[in-house]
Amino acid sequence: MASIIKTPSGTWKAIIRKRGFPTTIKTFRVKRDADDWARTTEDEMVRGLYIRRQSADRMTLAQALDRYAAEVTPTKKHYTQLGERSHLSALTKFFGAYSMSAVTPELVAKFRDQRLADGKAANTVRLDLALLGHLYAVAMREWGVGLVYNPVRLIRKPTPGAARDRRLDAGEEARLFAAVAAHSNPMLKWIVELAIETGMRRSEITSLKLEHVDMERRIVRLLDTKNGEPRTVPLSRRATEVMREAISNPARPGDTRLIFFGEPGRDGQRRPWQYDRVWRQILAKQGFRDLHFHDLRHEAVSRLVEQGFSDQEVSAISGHKSMQMLKRYTHLRAEDLVVKLDRRSWQTEDAVRGQPSI
């Protein structure tokens with residue numbers, strides 16, 4: 001039976017001592033609230049449903065997010081860590097003052113709706129919610145925070161945005177190549193050409209080291225990929241020429257094995273070159289509309305399909321684990337399909353007339 005004691009300050013303290021459970025204490029302003037809490041808690045203990053909630057009441061979301069950033073984020077891939085900064089900032093700004101136990105599905109839904117109303121893309125909001133949901137999962141499973149449920153699991157997520165279908169036409173490709181070739185750092189030109197020739201992600205290109213490239217066999221061995229599975233990427237003739245130029249870069253210092261290297265950081269270590277600002281400046285100057293660097297990967301994968309490679313061959317090169325995801329990244333030009341249809345029609349007509357097709 002719980003003990004209800006009146007404190008010198010006029011509040012009521014409920015104390016529960018039950019074999020097999022730690023002593024549980026909570027203070028209330030009204031005795032009736034103390035009685036109700038003690039009765040409910042003892043019932044949960046008997047039924048095996050008791051969760052020690054004090055830690056969830058004391059820990060704010062700001063504290064939890066700081067701990068997540070210090071303990072969990074560093075275990076993720078470098079480019080994922082960079083992307084999480086904005087999500088952590090948005091979550092801290094909205095939820096920071098709330099305790100973990102005070103965050104309800106209704107509050108999470110309000111955050112979702114506010115972010116969408118502020119013009120954030122559906123996929124951005126989905127990543128916000130994914131991080132918040134993972135925070136709660138880690139807190140419940142590993143930090144011993146007493147929580148009844150994960151509030152993110154009980155709300156509707158924004159519908160994923162439509163797959164991008166941005167392709168480069170011949171004029172745009174020529175302008176882009178001319179612009180990056182004119183830049184003072186030749187690494188930008190090599191990175192752009194490799195993206196279109198190989199379909200590698202930008203993080204895969206910039207993290208390449210000399211030992212990852214086999215020029216004799218014309219392959220690149222990627223060890224650190226987005227899906228966590230190593231893969232081997234074949235090099236076209238043009239990609240081989242570009243890679244040879246990049247490896248022979250006379251500006252490469254002797255203290256790095258990176259092919260596309262940046263300046264030393266505060267710790268003296270060189271990391272992959274971060275060319276985002278230069279890329280955006282070139283796009284703006286050349287008047288490109290709605291072109292992302294990742295669209296070059298879309299372009300490369302679509303060209304492989306147009307060249308007649310099978311889905312299995314394309315996925316082996318691009319690293320897509322499912323045909324459904326590969327379909328999202330593959331966009332064929334309708335006019336190219338018209339030419340292919342016409343060619344097939346001509347071959348059928350020639351066969352009917354008994355003439356050899358051309």
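The following legends describe close-up views of a predicted model.

**View 1. Three strands form an open sheet.** The strands follow the order 4-5-6, and their pairing is antiparallel. Strand 4 and strand 6 (231-234) are the edge strands, since each pairs on one side only. Strand 4 is joined to strand 5 (residues 219-222) by 2 bridges, and D214 stands opposite I219 in strand 5. Strand 5 is joined to strand 6 by 4 bridges, and here R221 stands opposite T232 in strand 6.

**View 2. Strand 6 has a covered face and an uncovered face.** R231 and V233 belong to the covered face, whereas T232 and P234 belong to the uncovered one. The general rule is that side chains in a regular strand alternate between the two faces of the sheet.

**View 3. H212 is located in the loop between helix 9 (202-206) and strand 4 (213-214).** H212 has a relative accessible area of 17%. It is classed as buried because this value is under the cut-off of 20%. Apart from neighbours within four places in sequence, the residues in contact with H212 are S207, I219, V220, R221 and L223.

**View 4. E204 is a buried residue of helix 9.** The relative accessible area of E204 is 1%. Leaving aside neighbours within four places in sequence, E204 is in contact with L222, D224, T225, K226 and R231.

**View 5. Helix 10 (residues 237-247) has buried residues on one and the same side.** A239, T240, V242, M243 and A246 are the buried residues of this helix. They lie on the same side of helix 10 because they cover an arc of only 165° around the axis. An α-helix has 3.6 residues a turn, so residues three or four places apart point the same way. The buried residues of helix 10 pack against helix 8 (186-198), strand 4 and strand 5.

**View 6. Helix 13 (residues 311-318) contains four named buried residues: V314, S315, I317 and S318.** Seen down the helix axis, the buried residues of helix 13 fall within an arc of 160°, and therefore line one face of the helix. Just after helix 13, G319 takes a positive phi of about 90°.

**View 7. D35 and K31 form a salt bridge within helix 1 (residues 31-47).** The N to O distance between the two side chains is 3.2 Å. The partners are 4 residues apart, about one turn of the helix. D35 is partly exposed, at 24% relative accessibility, and K31 is also partly exposed, at 35%.

**View 8. A salt bridge joins D128 and R115.** The closest N and O atoms are 2.8 Å apart. The pair links distant parts of the chain, with D128 in helix 6 and R115 in helix 5 (residues 105-117), 13 residues apart. Both partners are buried: D128 has a relative accessible area of 0%, and R115 has one of 14%.

**View 9. R166 and E172 meet in a salt bridge.** The N to O distance is 3.0 Å, and both R166 and E172 are buried. Elsewhere, salt bridges that share partners join R167, E173, E299, R303 and E306 into one network. The count for the model comes to 21 salt bridges.

**View 10. V148, Y149 and L154 make a nonpolar surface patch.** The patch has an area of about 290 Å². L154 is placed in the loop between helix 6 (122-141) and helix 7 (170-181). L154 counts as exposed because its relative accessible area of 56% is over the cut-off of 50%.

Note on methods: Residues are numbered from 1 along each chain as its sequence is written. This is a predicted model: local features need pLDDT of at least 70, side-chain atom pairs count only at pLDDT 80 or more; totals for chains, interfaces and linings use all residues. Side-chain values use heavy atoms; hydrogens and water are left out. Buried means under 20% relative accessible area, exposed over 50%, partly exposed in between (1.4 Å probe, protein chains only). Contact means heavy atoms within 4.5 Å. Patches are made of residues with over 30% relative accessible area and no salt bridge: like charges are joined within 9 Å, nonpolar side chains (Val, Leu, Ile, Met, Phe, Trp, Tyr) within 5 Å. Accessible areas come from the Shrake-Rupley method with a 1.4 Å probe; for residues, only the protein chains shown count as cover. A salt bridge is a side-chain nitrogen of Lys or Arg within 4 Å of a carboxyl oxygen of Asp or Glu. Two strands pair if DSSP finds at least two bridges between them. The arc is that of the directions from the helix axis to the C-beta atoms.
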